Structures are given as structure tokens and as C-alpha cells.
Amino acid sequence: AFSQAFVPVVSEYKTKRSAEDVRDLVSGTAGTLGVVLFVVTAIGVIAAPVLIYIFAPGFKQYGNKFDMAVAMLHWTFPYIFFISLASLYGGVLNSYGKFGPPAFSTVLMNLIMIVFATSLAPWFQNPGLALALGVFVSGLVQLLYQLPFLARLKLLAWPRWQWSHDGVRRIGRLMLPGLFGSSVGHVSLLLDTLIVSFFATGSVTWLYYADRFVEFPL
């Protein structure tokens, strides 16, 4: 939803305004979005037990599965913060015809997850926690990887809170319908997760794999 809203605005600034205006838009958007994301992430990490209880209440009846899920969510929830900012900078690079770095960042994520799965997970009492840590690291790497390319375009500036900025407010307004449209499928999957959390161990995994198979024809 953010990418759909941000790219048209930054492209307009690129063609109609100065490079300084574009840099100011990127700085204001990164700062404003960053603050909102930080608050959401902090709430998600702190309220991890509540979130697991809401969306997977069935885990309570399977020994320490609930506690394991909470511990993993503590590491995976910050991914939202990292990947949203990475999406911001990727949108800027795409607007300037730099498609390689944003596309390759997902390759980095897969490589990191493979390394964590094959090299670190066997050393963990809970291998899933190693994969959760891999999600955290991959999100951070995807964000940091794009910064040098942004600096080469002279568009990298310190993020600042600028909700009053016209471009930032336009992006916020454009995001609303995108958020609604993209959330429908996720809400449906969360409800499915809630139901299968009461089933046998492995059911959530089967549901996840089924969702991946659905993605192939899409």
C-alpha cells in the first residue's frame, strides 16, 4: 500500500521539482513513516503475548508452544519497521530507474534465511527462534543495502518528522484505499490461523504452504 502511494508522488516531484525538494520529501516521508512504524513495532513487541492469544489461541493447549510463538514474534515483528522503510527507499530508486538494488534485496533475505536455517538453527534448542532471528537480520540488511545507492543519487538525508509536508500528507491519503485492499487477504489468513491453531501441531505450517501454492498462479 505504501509503495503504491509513494512512487507516484516521488515521481511527480522528480519531474516537476528540484532535487532538493525530492530529498526533502524522502526525508520527511522516512521520518514520519519511521515514527509511526516505530510506535506500531513497539506495541507489537510489547503486546506479543496478547497478539498470539488473539490470533492463535489454540497454542495455549499445546505445552510451551504459546511461549515459543511469543518469543519468535518478539524477533519477527520489527521486520515490519525495516521492510517498510526499505520499500520507501526502493520506491525512490525505482523512480530513478535503479531497479536492480531493490529487486536484489529480496535475494539477500533468502540467502540470510538459508544461512540461519542451515548453520545456526541446529545450535538452538528452539530452531524456530533461529529463523525468527534470521527474519530480523534480513529486514535490517535489506534496508541498509539500499542506502549507498540512495546516497549516490544524493537523495539520502536524515529522516525528519514532517507530517505537515504536502507530499507526505498526500502519500498518507493515497495509502488508505491501498491499506484496505491489501489487508483483506491478510485478515482472512489470520482468521484461518486462529482456527487451525486448535488443530494438530504442524497445521499452521500446512496452511502457510497452501497459501504459498496459491501464490504461484497469481
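1. Helices here are DSSP runs of H or I with at least four residues, and strands are runs of E with at least two, numbered from the N terminus. With that in hand, here are some notes on the fold, which is a predicted model. The chain has 9 helices and 0 strands, so to place Ala121 in a loop is to say that this residue falls between two such runs, α6 (100–120) and α7.

2. A word on confidence. The mean pLDDT of the chain is 87, and 100% of its residues reach 70 or more. Confidence is highest in α7, with a mean of 93, and lowest in α1, with a mean of 81. Please keep that value for α1 in mind when you reach the points on its packing.

3. On the overall layout, the elements read α-α-α-α-α-α-α-α-α from the N terminus on. The C-alpha trace spans about 60 × 35 × 35 Å along its principal axes. Of the 218 residues in the chain, 36% are buried. Among contacts between residues at least 6 apart in sequence, 76% join residues at least 24 apart.

4. How do α1 and α5 pack, in angle and axis distance? Helix α1 (residues 2–16) meets helix α5 (residues 79–95) at an angle of about 40 degrees, and their axes are 9 Å apart. The crossing of α1 past α5 is right-handed. On the α1 side, the contact is made by Phe2, Ser3, Phe6, Val7, Val10, Ser11 and Lys14, and on the α5 side by Ser84, Ser87, Leu88, Gly91, Val92 and Ser95. By type, the residues of this contact divide into 6 nonpolar, 6 polar and 1 charged.

5. Ser84 is worth a stop on the α5 side of that contact. This residue lies in helix α5 and counts as buried because its relative accessibility, 19%, is under the 20% cut-off. Leaving out residues up to four places away in sequence, Ser84 touches Phe2, Leu33 and Leu37. Phe2 belongs to the α1 side of the helix pair.

6. Which residues touch the most other members of the largest nonpolar core? Among its 26 residues, they are Phe6 and Ile171. Each of α1, α2 (19–46), α5, α7 and α8 supplies at least two residues of this core. The largest share, 8 residues, comes from α5.

7. Phe6 appears both in the α1 contact with α5 and in that core. Beyond its neighbours within four places in sequence, Phe6 is in contact with Val26, Thr29, Leu88, Gly91, Val92 and Ile171. A second, separate core has 9 residues, among them Ile52, Ala56, Phe59 and Val70.

8. Back to Ala121, in the loop between α6 and α7. Is Ala121 buried or exposed? Ala121 is buried, because its relative accessible area is 8%, under the 20% cut-off. Apart from neighbours within four places in sequence, its contacts are Phe116, Pro127 and Ala130. The C-alpha atoms of Ala121 and Leu133 are separated by 9.8 Å, with these positions 12 residues apart along the chain.

9. Tyr96 sits in the loop between α5 and α6. At a relative accessible area of 25%, Tyr96 is partly exposed, because that value lies between the 20% and 50% cut-offs. With neighbours within four places in sequence set aside, Tyr96 is in contact with Lys14, Val22, Leu153 and Leu155. Lys14 is also one of the α1 residues that meet α5. Tyr96 and Val50 are 46 residues apart along the chain, and their C-alpha atoms are separated by 42 Å.

10. Two residues in the loop between α7 (127–152) and α8 (166–196) make a nice pair to look at: Gln162 and Lys154. Gln162 counts as buried because its relative accessibility is 18%, under the 20% cut-off. Lys154 counts as exposed because its relative accessibility is 64%, over the 50% cut-off. Once neighbours within four places in sequence are left aside, Gln162 is in contact with Asp24, Ser27, Gly28, Thr32 and Val168.

11. One backbone detail deserves a look before you finish. Most residues other than glycine have a negative phi. Lys154, however, has a positive phi, near 60 degrees, and is a residue other than glycine.

Notes
Residues are numbered from 1 along each chain as its sequence is written. This is a predicted model: local features need pLDDT of at least 70, side-chain atom pairs count only at pLDDT 80 or more; totals for chains, interfaces and linings use all residues. Side-chain values use heavy atoms; hydrogens and water are left out. Axes are lines fitted to C-alpha atoms, for helices over the stretch in contact, and angles run from 0 to 180 degrees between N-to-C directions. A crossing is left-handed if the near helix is turned anticlockwise from the far one by less than a right angle, and right-handed if clockwise. Contact means heavy atoms within 4.5 Å. Ala, Val, Leu, Ile, Met, Phe, Trp, Tyr, Cys and Pro count as nonpolar, Asp, Glu, Lys and Arg as charged, and the others, Gly among them, as polar. Buried means under 20% relative accessible area, exposed over 50%, partly exposed in between (1.4 Å probe, protein chains only). A nonpolar core is a set of buried Ala, Val, Leu, Ile, Met, Phe, Trp, Tyr and Cys residues joined through side-chain atoms within 4.5 Å. pLDDT is the predictor's confidence in each residue, from 0 to 100.
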